[in-house]
Amino acid sequence: MSTKNESHFILRNKMKTHRSVFFILPLVVLGINCGSHKPDQAKGPFCLSDSLMKIIQFDKVKIQPVFKEIRMTGKVSFDDDQVVRIFPPVSGVVQDISVSLGDYVQKGQVLAKIRSSDMASYNSQYITAVANQSIAQRNMEFTEELYKSGAAAEKDLSIARDNFKIALAESERIKQVLAIFGEGGNDYYVVKAPIAGFIVEKKITEGTIIRQDASDNALTISDLKDVWVLANAFERDLEEVDLGDSVSVKTLAYDRVYRGVVNRISHTIDPVTKANRIRVIVKNTDFKLQPEMFASVTIKTITENKLSSIHSNSTVFNENRYFMVEYKNKCDTKVIPITPYSVVDDIMYLYEKIPDGTQIISKYQLIVYSKLSNAN
């Protein structure tokens with residue numbers, strides 16, 4: 001009995017399987033037939049939309065000389081051509097110093113006073129000279145009266161006149177000395193600023209003893225509108241650096257690039273640093289560059305090579321490669337792989353020889369690159 005039921009179950013399942021195949025087979029055939037009657041659709045060219053055309057920007061490939069960057073270290077210094085070092089012309093003791101290092105001073109501003117025996121001596125000499133001049137003048141006038149009345153010889157009159165000239169000359173000499181020293185009192189010398197600028201060196205304090213024959217300056221004033229950046233150039237770089245080369249200067253203190261030019265190249269090598277000193281003049285209109293600041297110096301020099309170049313912000317970087325998007329018209333754009341030779345400032349020089357004037361997309365080029373990649 002059980003064997004009969006099992007045979008019936010197997011037969012029924014086979015019938016279901018045959019029915020399934022019977023119903024699926026026409027659908028497969030129908031699908032194949034339908035697909036065979038559907039025409040092929042060829043893809044058309046990719047075109048930039050009008051909205052995209054309104055925002056993208058263009059640039060051109062340029063074949064130009066290759067610039068090279070040479071990096072050096074250096075320091076900021078004041079411009080020696082725009083600086084005044086103050087050497088007090090008298091001996092004495094510094095009193096009432098009124099400025100500190102880094103202060104800005106106006107021309108003629110009092111910086112310090114020096115109590116000096118030299119000034120007391122010069123003032124005394126001037127008073128004596130004026131008195132002697134007055135005595136010599138009265139003696140000359142008296143001798144002239146005697147000569148007119150016949151009571152004095154012509155020789156006596158000549159001597160009196162010569163004595164007056166000597167007294168007058170001595171009085172004028174002491175007067176000129178005091179004029180050089182400037183205004184002061186009977187026993188002190190006033191130190192004044194000869195130019196407007198910053199106190200960049202201060203080697204005296206209150207109580208400092210000044211000697212007239214001292215070789216060291218007391219104060220140094222510089223306007224700091226222009227500063228010198230002194231860079232160290234090693235021997236391997238000297239051949240490529242020329243006067244007038246453009247220079248970029250950065251400091252640790254400020255996130256700003258200062259521009260300058262090479263003004264002088266030393267012809268001697270420092271025995272300690274084994275480097276030549278290169279002087280760069282930099283405009284310091286905001287007065288932020290200060291002497292002795294550490295500086296990072298980049299000198300841009302021109303080479304004899306000429307290569308195709310584009311702005312570095314016109315590129316697309318993907319899968320460890322650089323690309324640019326060439327544009328001929330809105331329906332003719334192409335992705336071109338490129339290999340950087342070097343990057344100077346924002347200019348990328350290329351190994352590939354791309355024709356001069358080739359138009360590329362320089363803004364929103366990533367959108368166009370993505371659409372071209374998907375279209376392919």
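This report walks through the main pocket, a surface patch, some salt bridges and a few loop residues of a predicted model.

## The largest pocket

Let's start with the empty space. Rolling a probe the size of a water molecule over the atoms shows where such space is left. Here the largest pocket comes out at a volume of about 220 Å³. Its lining is made up of 14 residues, and the ones that lie nearest the centre are Glu69, Ser248, Arg259, Thr298 and Asp345.

Which strands build this lining? At least two residues each come from strand E2 (62-78), strand E12 (246-251), strand E13 (258-269) and strand E15 (294-311). E12 gives the most, with five residues. As for chemistry, the lining splits into six charged, five polar and three nonpolar residues.

## A nonpolar patch on the surface

On the outside, Ile55, Tyr364 and Ile367 make a nonpolar surface patch of about 240 Å². Ile55 belongs to helix H2, which runs over residues 50-55. Its relative accessibility is 36%, so Ile55 counts as partly exposed.

## Salt bridges

The structure holds 14 salt bridges. One of them joins Arg115 and Asp187, with 2.4 Å between the closest N and O atoms. This pair links distant parts of the chain, 72 residues apart: Arg115 sits in strand E6 (residues 110-115), while Asp187 is in the loop between helix H4 (154-181) and strand E7 (188-192). Both ends have some access to the outside: Arg115 is partly exposed at 40% relative accessible area, and Asp187 is partly exposed at 28%.

Next up is Arg161 with Glu144, a salt bridge whose closest N and O atoms are 3.4 Å apart. Arg161 lies in helix H4 and Glu144 in helix H3 (residues 117-149), so this bridge ties together parts that are 17 residues apart in sequence. Arg161 is partly exposed, with a relative accessible area of 39%, and Glu144 is partly exposed too, with 23%. A further salt bridge brings together the side chains of Asp226 and Lys283, at 3.5 Å from N to O. Here again distant parts of the chain are linked, 57 residues apart, with Asp226 in strand E11 (residues 226-233) and Lys283 in strand E14. Lys283 is exposed, because its relative accessible area of 55% is over the 50% cut-off.

## Loop residues with a positive phi

Two loop residues have backbone angles worth a look. Phe287 has a positive phi of about 60°, although it is not a glycine. You'll find Phe287 in the loop between strand E14 (276-283) and E15. Is Phe287 exposed or partly exposed? With a relative accessible area of 32%, Phe287 is partly exposed.

The other one is Glu319, also not a glycine, whose phi is positive and near 50°. Glu319 is in the loop between strand E16 (316-318) and strand E17 (321-329). At 68% relative accessible area, Glu319 is exposed.

## A buried loop residue

Finally, there's Ile204, in the loop between strand E8 (197-202) and strand E9 (209-210). Why does Ile204 count as buried? Because its relative accessibility is 6%, and buried means under 20%. Ile204 and Leu219 are 15 residues apart in sequence, and their C-alpha atoms are 7.4 Å apart in space.

Definitions and conventions. Residues are numbered from 1 along each chain as its sequence is written. This is a predicted model: local features need pLDDT of at least 70, side-chain atom pairs count only at pLDDT 80 or more; totals for chains, interfaces and linings use all residues. Side-chain values use heavy atoms; hydrogens and water are left out. On a 1 Å grid over the protein atoms alone, a cavity is a set of points where a 1.4 Å probe fits but cannot get out, and a pocket is an open set with protein on both sides within 12 Å along at least five of seven lines; lining residues have an atom within 4 Å of a point. Grid points are joined across faces, edges and corners, and a volume is the space filled by probe spheres set on the points. Helices (H or I, at least four residues) and strands (E, at least two) are DSSP runs, numbered from the N terminus. Ala, Val, Leu, Ile, Met, Phe, Trp, Tyr, Cys and Pro count as nonpolar, Asp, Glu, Lys and Arg as charged, and the others, Gly among them, as polar. Patches are made of residues with over 30% relative accessible area and no salt bridge: like charges are joined within 9 Å, nonpolar side chains (Val, Leu, Ile, Met, Phe, Trp, Tyr) within 5 Å. Accessible areas come from the Shrake-Rupley method with a 1.4 Å probe; for residues, only the protein chains shown count as cover. A salt bridge is a side-chain nitrogen of Lys or Arg within 4 Å of a carboxyl oxygen of Asp or Glu. Buried means under 20% relative accessible area, exposed over 50%, partly exposed in between (1.4 Å probe, protein chains only).
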